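Colleague: I would like a close look at a single part of this model, taken slowly and with the surroundings described as well.

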Amino acid sequence: MSDLFIKNTVLENGQNADILIINGKIAEVSSSIEGISDDTPKIDADGWLASPPFIDSHFHLDATLSYGMPRINQSGTLLEGISLWGELKPTLKMDELIERADNLCRWSIAKGTLAIRSHVDVSGKDLLGVEAMLQVREKFKDFLDIQLVAFPQDGLFRSGCLDNLNKALDMGVDVVGGIPHFERTAAQGNESIKILCEIAEKRGLLVDMHCDESDDPFSRQIEHLTLETARLGLFERVAGSHLTSMHSMDNYYFSKLLPMMQEAKMGIIANPLINITLQGRHDTYPKRRGMTRVKEQINAGLRVAFGHDCVMDPWYPLGSHDMLEVASMALHVAHMTGQNEMKECFHAITQYPAQIMHLENYGLKKGCNGDLVILQATTPVEALRLKPARLFVIKKGQIISTEMPKSSKITIGEETYNVSFTQKDFSWYGTR
Ligand code: FE2
């Protein structure tokens, strides 16, 4: 819990602001704050953007950074990824699991992502991954809010892991997961949703299910998830992750489904980098992109978040855990290039996942946690365009990561110019 005075920043709405953090909480945000004592630590943000920290609401810390182990996913499909993970799982060791997750958490902090919801596989012969991720959550608790989801990767019924799932929750895992489309039949998928939602209701927990992660337009398990959410009164506590089949659904059916999702106050988590990579693999041309109907869901007032899902694991060979890369991909894939649409894509890695994850005191208002990122950008849209340097990453008033501003010096004849690719390169910047 620290004090920090951040001078000369700009907020998402374009307002210039100073921010004062006292004892880890935001005490004041205004255009000019005077009378700061000499012993309060200070930084000058030099007119760059202040944003609440990024949030990754869908990730797999137990699988991350294992790319190529024991082999590479040749088909690039979700199903080969799952079977590859099944080969790797029996060989996992506690210290290696922790080391890889540790590395990812450090990358996350450096990129300004200070909250991660991570699914953890509970469908193996033991709960090694859960034990390891609980240790990682504890280690990083003052720097990173890690929320763990008990995830039956191989199917609740298909792998018979209900006991393991309950044990993981007893051990302190936070959220109930599921994978209904991967059960043997749609009926068993629906039954798994019922059982898992009842567990969440009884334990007072949130729910986040991998749901309809396929190109099958008739994969409609989201329908049953909305039904159980409403039946058990779990409003605003349930999220459907992926929902890629919605990309391929008939428009008429979608028009029936959307109001049911509104009624259930369903949270939605799309994973654009992964969805467009894994889906559509059975298509020739045209190839479906597989991302859920983000634009329509946002327009319907649903909370839509974007997750990274994977970084260098059996499903995805790339990534550096940069949530701006995720949001940038989403806005391209979803045709969301309107000004407000791009801002909504920024909210899908900040305020909407904070709501879905029930994070308390999130934001840049007085009374919120003193957690923020100063980006080398002047607006959220510029941040999406450039994926710029995270100049300062601040947690409860403490600077936990710094990065030098990026700048090229070019010489044209006698003239030398600094190029940052931001609006500050333009002679008119600050005059309009
Ligand atoms: Fe996932």
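In which sense do strand β9 and strand β10 pair, and over how many bridges?

Modeller: Please keep in mind that this is a predicted model. Strand β9, which covers residues 175-178, and strand β10, which covers residues 206-211, pair in the parallel sense, and 4 bridges join them. One of the pairings can be given by residue, since glycine 177 has aspartate 208 in β10 as its bridge partner.

These two strands belong to an open sheet of 8 strands with parallel pairing, in which the order is β6-β7-β8-β9-β10-β11-β12-β13. The edges of the sheet are taken by β6 (54-59) and β13 (303-306), and because each of them has a single partner strand, one side of each is left without a neighbour in the sheet. On average, and with direction ignored, neighbouring strands of this sheet are turned by 20° against each other.

Helices pack against these strands as well. Helix α3, residues 128-139, packs on the sheet where it touches β7 (113-121) and β8 (145-151), and the direction of α3 makes about 165° with that of β7. Helix α10, residues 323-333, lies across β6, β7, β12 (267-270) and β13, and runs at about 120° to β13. Helix α10 is mostly covered, with 8 of its 11 residues buried; the buried residues are Met323, Leu324, Val326, Ala327, Ser328, Met329, Ala330 and Leu331. Just after α10, the chain reaches histidine 335, which takes a positive phi of about 55°.

To place this part within the whole chain, it helps to turn to the domains. The chain is divided into domain 1, made of 4-52 + 363-408, and domain 2, which spans 54-356. The centres of domain 1 and domain 2, taken over C-alpha atoms, are separated by 30 Å, and the contact takes 15 residues from domain 1 and 20 residues from domain 2. On the side of domain 1 that touches domain 2, the elements that give two or more residues are α13 (380-386), β15 (390-395) and β16 (398-402), and the largest share, 4 residues, comes from α13. The residues of that side of domain 1 divide into 8 nonpolar, 3 polar and 4 charged.

Technical notes: Residues numbered from 1 in each chain as written. Predicted model: local features only at pLDDT ≥ 70, side-chain atom pairs only at ≥ 80, totals over all residues. Pairing = 2+ DSSP bridges. Axes fitted to C-alpha atoms, helices over the stretch in contact; angles between N-to-C directions. Contact = placed C-beta atoms within 7 Å. Domains from an automatic or database assignment. Nonpolar A, V, L, I, M, F, W, Y, C, P; charged D, E, K, R; others polar. Buried ≥ 20, exposed ≤ 12 C-beta atoms within 10 Å, placed from the backbone.
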